[in-house]
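Visitor: I should like a close look at a single part of this structure, the interface between its chains. Please describe how that interface is built, and then place it beside the contacts within the chains.

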Protein chains: 2
Amino acid sequence: MFTNVLRYLNSDQISDLEQNKFNVSFSQGETIFKQGAPMTHIIVIDKGLLKVYLESGLRHSIILRLLKSGEIAGGPGFHTDYRHHFSLMALEDTELTFIDINKFESFILDNSIFALEFIAYLNKAHISFYDKLKTIQHKQMNGRMAATLCYLSDNIYKSNNFETNLSRQDIADMSAMTKESAIRILKNFKDSGIIECENNTFNILNKDSLMDIFENG
Amino acid sequence: MFTNVLRYLNSDQISDLEQNKFNVSFSQGETIFKQGAPMTHIIVIDKGLLKVYLESGLRHSIILRLLKSGEIAGGPGFHTDYRHHFSLMALEDTELTFIDINKFESFILDNSIFALEFIAYLNKAHISFYDKLKTIQHKQMNGRMAATLCYLSDNIYKSNNFETNLSRQDIADMSAMTKESAIRILKNFKDSGIIECENNTFNILNKDSLMDIFENG
DNA sequence: TTGTTTCATTGACATTTATCATACCTCTAC
DNA sequence: GTAGAGGTATGATAAATGTCAATGAAACAA
């Protein structure tokens, strides 16, 4: 039934969850929660695509990752300060399941297999963040943009040809640069024949070359 | 007895741990484990100071944090790929307790309070990590160096006047810049009367000013 | 002693990246 | 239609930061 860590819940817990969860729809562009707000629920993505991003000051935000159907939006506020440490916004029309955080906590206390697997889920996210940190700090703009395009094609859209609701600003925020720089680099990739991009449609023509740019510069 | 998350173990588990743990000493500069190596133990720092750092390619490394007495070095390889995702090196002569990873996993499976508190421990690390990402991406060099000096004085040495084994390269790796830039900025801070620094001795003369540079500069 | 190594320092310079200004679309509202 | 808003695109310029080279200082071995 569940494709995520919730599949480790036992049958009692699943029926408990069925009775207590509730579902909410969001339209493209709507904010699910804001960084700093109290954390009252764990969220499961049933349908759609969302961006997880850090806000700091008046400047740009940092897009940490995208969440798609089947994934969970918890957050490090769980059992610490019970606040959200990132903001969550729908990139497409989205359907979500909200699980009360006390309920979620009781699942962990009553089911140690689930607890262990939830730890593994957190650790996997942590591994990705280490990779992101390495990319941001050690790669230049071309490499960072290549990383973003590979992430989108490999992890999100699972195709070399995809249409996206991400704006140029979003793509810049994923790649740790300004939108002007992002636009320039996309144009370079286009002129080099590595990608085609027209408005919101991207087509990766030469994935090997893109991978090479990601690896080596 | 324990000042960290291990205090949530029950008495049976603590006596089990006492019989199965083992202690190892490391000298300054010695590596405890390397990124990529198999993860066989969880490590508790009994005494000393260590640096947790990411290695990527031939270039600089990234120092994620320092670990001091009472803290735990787990890592996101736990219950995922059982590999280390960062390297760990002693900055001072250090005494460590090694806990077998299977034993640690059984503690989680047998004690859900411990599991929940371990999740909280991971989440707190995750929150710091978000802060680090924001600092690296949105602050310029002065701000990043101020952050490092505040971290050292507030979290590690708990004094405005401290002696450290960190090299200039280490301080640069904590601040996401080259060692030349780190040296230049330290000199600027020195010339501005914000700090004194002579070899390995640092004295923060104007903490308010340093905080201001961290916030706004 | 001398040579060697490692780290710290400094300056000149090059590169990377952001900022600013402007123009051009494509919507939508009126 | 037309004006405004928001996103996209492009060029000129400035700022931030890294690279390279050279020197000095301290530690240490032969």
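Guide: Contact here means heavy atoms within 4.5 Å. The model is a predicted one, and every value below is computed from it.

By that criterion, the interface takes 41 residues from chain A and 41 residues from chain B. About 3900 Å² of area is buried between chain B and chain A, and carbon and sulfur atoms give 75% of this area. On the side of chain B, the residues that lose the most area to chain A are B:Leu116, B:Tyr130 and B:His138; together they account for 16% of what that side buries.

Turning to polar interactions, the count of salt bridges between chain B and chain A is 0. Polar contacts do cross the interface of chain B and chain A, with 10 residue pairs found (both at pLDDT 80 or more). Four elements of chain B each supply at least two residues of the side that touches chain A: strand S4 (49–55), strand S5 (61–68), helix H2 (101–110) and helix H3 (112–138). The largest share comes from H3(B), with 21 residues. Sorted by character, the residues on this side of chain B comprise 22 nonpolar, 13 polar and 6 charged.

The symmetry of the pair completes this picture. Chain B is superposed on chain A by a rotation of 180° with 0.0 Å of shift along its axis, at an RMSD of 0.1 Å. The two copies are therefore related as by a two-fold rotation axis. The same surface serves both copies, since 100% of the contact residues of chain B recur in chain A.

Salt bridges are found elsewhere: the structure holds 17 over all chains, against a count of 0 between chain B and chain A. One of the 17 joins A:Lys34 and A:Glu55, whose closest N and O atoms are 3.0 Å apart. A:Lys34 lies in the loop between strand S2 (31–33) and strand S3 (41–47) of chain A, and A:Glu55 in strand S4 (residues 49–55), so the pair ties together parts that are 21 residues apart in sequence. A:Lys34 counts as partly exposed because its relative accessibility is 40%; A:Glu55, at 25%, also counts as partly exposed.

A second salt bridge brings together the side chains of A:Asp154 and A:Lys207, at 2.7 Å from N to O. This pair links distant parts of the chain, with A:Asp154 in helix H4 (residues 141–156) and A:Lys207 in helix H7 (residues 207–216) of chain A, 53 residues apart. A:Asp154 has 39% relative accessibility and therefore counts as partly exposed.

In chain B, a salt bridge of 3.6 Å, N to O, is formed by the side chains of B:Asp191 and B:Lys187. These two residues are separated by about one helical turn, because they are 4 residues apart in helix H6 (residues 179–191) of chain B. Both B:Asp191 and B:Lys187 are exposed.

A buried charged residue may be set beside these pairs. A:Asp170 belongs to helix H5 (residues 168–175) of chain A and counts as buried because its relative accessibility is 7%, where the cut-off is under 20%. Residues up to four places away in sequence aside, A:Asp170 touches A:Lys51, A:Ile63, A:Leu91 and A:Asn165. With A:Lys51, the side chain of A:Asp170 makes a polar contact of 2.7 Å.

Definitions and conventions:
Residues are numbered from 1 along each chain as its sequence is written. Chains are lettered from A and ligands numbered from 1 in the order in which they are written. This is a predicted model: local features need pLDDT of at least 70, side-chain atom pairs count only at pLDDT 80 or more; totals for chains, interfaces and linings use all residues. Side-chain values use heavy atoms; hydrogens and water are left out. Buried means under 20% relative accessible area, exposed over 50%, partly exposed in between (1.4 Å probe, protein chains only). A polar contact is a pair of N or O atoms within 3.5 Å; within protein, one must be able to donate a hydrogen and the other to accept it, and residues adjacent in sequence count only if both atoms are side-chain atoms. Buried area is the accessible area (1.4 Å probe) that two parts lose on being put together, summed over both. A salt bridge is a side-chain nitrogen of Lys or Arg within 4 Å of a carboxyl oxygen of Asp or Glu. Ala, Val, Leu, Ile, Met, Phe, Trp, Tyr, Cys and Pro count as nonpolar, Asp, Glu, Lys and Arg as charged, and the others, Gly among them, as polar. Copies are superposed by least squares on the C-alpha atoms of residues with pLDDT of at least 70 in both.
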